[in-house]
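Welcome! Please look over the sequence and the model, then try each exercise before reading its solution.

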Amino acid sequence: MRVRELTVDDNVAYRSLSAGAFGGGFEAVESRPFSAGETAIGIGSEQLPGGAPGVVAAGARIRHDRITLGGGVVDCGGVSGLAVHPAHRGDGLFRELITATIARCAQEELPMSMLYPSHPAIYRRAGYQVVASVQRLLVPLVDLQHLPKVPDRRLVPVTGASMPRLHGLYRELTTEDNGMLTREGPLFPAGLPSGGWSALLLEDHDGVAHGYVSWTRTPGENGGAGLEVHEILGRTREDRLALLRSLGSWSTVTESVVLRVRTEDPVLDVLPGSGARPVDGLPLVMMRVIDTAAAFEARRAPAGLVGAVRLVVEDDTVPEGTCRSAGSWLLSAADGRVAASPDAASSPGGDAAEVLGTARWDIHAAGLLLMGGRTLADARRLGLSAIADPAAEQFLDALLAGPRPSVLDAF
């Protein structure tokens, strides 16, 4: 395999490749290290027929993130900036690079991988499965102007000194979600974000924080929204109403806001009026299982769920040994914990454990189901292979129950 780790000397060539593929400005300044918390890999053009030195023929970055999963957290390789140089397209480099990316996630012990696909079909052929989309609503401010004031709540500016309180609220209010990035360093700095980001904390009169709203002011040209609201998170319905009410004050300078929400966001239950509309062009979110056993063991078992099933996952999308997605495991749940051990019945001379039944998934069903909020019947309705004995299906549906995955962060 010709894929190698990109070095500081490849940085300018890689950024040129990425800018050419995805758009955006690029200045060929001096080489610098890749960002901390990322692994950059690629293929040098000089290795290829007709190639040139100093050119990256194909490259990608793997973010070392952590995401919420079933009440726990799991390490996740966020794939970004995967591109192939125009001179080398059609030569199989994409397949070589995405396979190496999956293998590198396994090597670096990242049990899940996530990406925003520019072309879902090509990533699906590598085992990635669509699990969610980034949700955005266009909300007229006239709908928010007349919300009543919520008693015992006040708004205070977020500063560098109060950012730890905001981070604490984010972790507290998203811990039961699936798919949310934990926003830890070094990929997420501890201080105030740049680029015009602002936020307000919602407190009671004793100074206890109950939620926050964050936004970026945008030009709002050609009748577009003048405010991009990144998130509204509050402990209670009343807290979310208070935060929505604060947005109504922007009506003197803009007519609407774009509000980013989770798949099953409680703020949707308190939006007044009937003017909110989805924003077109929502990016999809795809997930891939890299290490099935580790992904299961990162989850928490629901209280009272006890039992064991045999699970077989089949993955013919990458060469055998690329990662640890395929295999046969004995899954058990007890005392709030999930264990995934190699299936003794599949080992020579092993004793078959007493289990509720057997389930057999393909890699796409594994990606969809492990992210939560879907049943095996849902997977089958999507045309995925998710078969199981009745008792095993009931057990797995209970184990994987929860909200459908959401992602608020783009990369």
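**Exercise 1.** Find how many positive and how many negative side chains the protein chain has, and how far apart the centres of the two sets lie.

*Solution.* In this predicted model, start with the positive set: the protein chain has 38 such side chains. Next comes the negative set, with 48 side chains. Finally, take the centre of each set; the two centres lie 4 Å apart.

**Exercise 2.** Decide how the radius of gyration of the protein chain compares with the globule rule.

*Solution.* Begin with the secondary structure, which comes to nine helices and 19 strands. The radius of gyration of this chain is 23 Å, and the globule rule gives 22 Å for 411 residues. These values are close, so the chain is as compact as a globular protein of that length. To picture the extent, imagine a box of roughly 70 × 60 × 35 Å along the principal axes, filled by the C-alpha atoms.

**Exercise 3.** Work out what share of the residues counts as buried, and what share of the accessible surface belongs to carbon and sulfur atoms.

*Solution.* Of the 411 residues, 52% count as buried. The accessible surface comes to about 18200 Å², and carbon and sulfur atoms account for 52% of it. For one more view of the fold, take contacts between residues at least 6 apart in sequence: 72% of them join residues at least 24 apart.

**Exercise 4.** Classify the aromatic pair of Phe94 and Tyr123, and say which parts of the chain it ties together.

*Solution.* The structure holds six aromatic pairs, and this is one of them. The ring centres of Phe94 and Tyr123 are 5.3 Å apart, with 80° between the planes. An angle over 60 degrees counts as edge-to-face, so the pair of Phe94 and Tyr123 is edge-to-face. Phe94 sits in helix H2 (residues 93-107) and Tyr123 in helix H3 (residues 120-124), so the pair ties together parts that are 29 residues apart in sequence. Tyr123 is buried, at 6% relative accessibility. Together with Tyr128, Phe94 and Tyr123 form one aromatic cluster.

**Exercise 5.** Are Asp378 and Pro164 buried or exposed?

*Solution.* Asp378 belongs to helix H8 (residues 376-381). Its relative accessible area is 14%, and under 20% means buried, so Asp378 is buried. Setting aside neighbours within four places in sequence, Asp378 is in contact with Gly373 and Arg404.

Now turn to Pro164, in helix H4 (residues 163-174). At 53% relative accessibility, Pro164 passes the cut-off of over 50%, so it is exposed. Its C-alpha atom is separated by 10.0 Å from that of Leu192, 28 residues apart along the chain.

Conventions: Residues numbered from 1 in each chain as written. Heavy atoms only, no water. Phe/Tyr/Trp six-rings, centres within 6.5 Å; stacked < 30°, edge-to-face > 60°. Helix = DSSP H or I, 4+ residues; strand = E, 2+ residues; numbered from the N terminus. Buried < 20%, exposed > 50% of the residue type's maximum accessible area, 1.4 Å probe, protein only. Rg over C-alpha atoms; globule rule 2.2 N^0.38 Å. Contact = heavy atoms within 4.5 Å. Areas by Shrake-Rupley, 256 points an atom, 1.4 Å probe, with all protein chains shown as cover. Lys, Arg positive; Asp, Glu negative; His and termini not counted. Charge placed at Lys NZ, Arg CZ, Asp CG, Glu CD.
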